[in-house]
Amino acid sequence: MKIYKTAIIGTGLIANAHVKGCRMNPERVSLVAALDVDANKVKDFCANYGIPGAYTDLDELLEKEKPDFVQICTPPHLHAELSIRCLRAGTWVLCQKPMCASLNELDRVQAVEEETGLYCASNFQNRFGASCRHFKGIIEEGALGRPLVGICNTLWYRDHAYYDVPWRGKWSTELGGPTMGHGIHLMDMFLYLMGPWEDVTAQVGTLDRNIEVEDVSMALVRFRNGAMATIINSVLSPREETYLRLDFQKGTLEVPFHYEYINRDWRITLVDPCANKELAQRLRSFPDNNFNHIGSQIKSFVEDMDNNARPITSGQAARETIEFLTALYKSAFTGERVTSGSIGKGDPFYDKICGMDPRIHTVR
Ligand SMILES: NC(=O)c1ccc[n+]([C@@H]2O[C@H](COP(=O)([O-])OP(=O)(O)OC[C@H]3O[C@@H](n4cnc5c(N)ncnc54)[C@H](O)[C@@H]3O)[C@@H](O)[C@H]2O)c1
């Protein structure tokens, strides 16, 4: 099997998890270089992890190392431009969330995918827990019946000091609050499991942090299959919990966790366990879970490279989630119920996820 050369762009906090993810795939991935605009930071990062190439200039890295794929770990507002430069230089891209600032930027990235024949995937690592993909297959078969009700809560806590980092808390650089920056992972996993969304009604507020973006958002969602759900994204919740719940005709799947769920975190409740013994056994037959989620996504990504196949968090799948977040903000800022497919060119929310003039509910 081919070993793919990779480079990490941006050597801050999350880059450490990407190194770990690469090291979980030693037979598939060779981490040959890293880049940061801060020369000392990238030097220390490379020395710490034994990465041979330390760079501060992207063109030089791409030219000299010719990586097969890059992992973009910079602040959010740089993701689309960096992805486009890397695709045009001939590399596949695995880009940290949010992979773009708007649907407009997403369309630009996807146009360059078409131009180059290469793919840019979003780091939506929650989809890659072994149990999530296990349940996805069973849900798609219809074995649990139709999905009816869902809950998707990312209740996290980020103190005031967290927002001292200059790019955080601003529309122009972080691109949103806990909706765009934290709950995006669980919402992506939720949409993946529930199926296509139909419309969303939402509110956002800035209740306690001294930031431009929201510190809490709440949404009501209807799915094309008729299911209904609630979503909360918060950075104001001292007892942190990530909680996902899907109620089907035949049973409930739920998982309370923090950053990464593991197989034993899941609770499975069937309406009639005696009559559904076989289903219960299938649901509980989890595959092994030896990887962390970023490592598991990298494994899946290089398998897609082997097959020249579109990664499952790129293209229309990435669009489904980014469009949902855009619709959530549009609903919050306009008071409208926003339907899937309705935000196109000419709509201010197509160009900017918060529209042109976000009138946020602020209580401070
Ligand atoms: N998937 C997850 O679970 C997860 C968790 C945390 C952060 N993130 C995402 O990862 C990204 C980075 O977050 P972080 O917390 O690591 O940020 P950070 O501020 O710790 O690191 C960002 C790094 O990028 C560097 N940088 C800035 N501009 C650059 C450029 N033009 N080229 C190269 N490097 C540049 C900075 O110097 C810094 O070292 C964000 O998009 C964030 O939302 C994802």
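Mentor: Before we look at the sheet, keep in mind that two strands pair if DSSP finds at least two bridges between them, and that strands (E, at least two residues) and helices (H or I, at least four) are DSSP runs numbered from the N terminus. This is a predicted model, in which local features need pLDDT of at least 70, side-chain atom pairs count only at pLDDT 80 or more, and totals for chains, interfaces and linings use all residues. Residues are numbered from 1 along each chain as its sequence is written.

Trainee: OK, so how many bridges join S1 to S4?

Mentor: Strand S1 (residues 4-9) and strand S4 (residues 69-72) run parallel and are joined by 4 bridges, and threonine 6 stands opposite phenylalanine 69 in S4.

Trainee: And in what order do the strands form the sheet?

Mentor: The open sheet has 6 strands in the order S3-S2-S1-S4-S5-S6, with parallel pairing.

Trainee: Which are the edge strands?

Mentor: They are strand S3 (53-55) and strand S6 (120-122), each of which pairs on one side only.

Trainee: Switching topic, where is asparagine 40, and is it buried or exposed?

Mentor: Asparagine 40 sits in helix H2 (residues 39-49), and it counts as exposed because it has 8 C-beta neighbours inside 10 Å; by definition, 20 or more other C-beta atoms within 10 Å make a residue buried, 12 or fewer exposed, and anything in between partly exposed, with C-beta atoms placed from the backbone.

Trainee: How far apart are asparagine 40 and alanine 54?

Mentor: They are 14 residues apart in sequence, and their C-alpha atoms are 9.8 Å apart in space.
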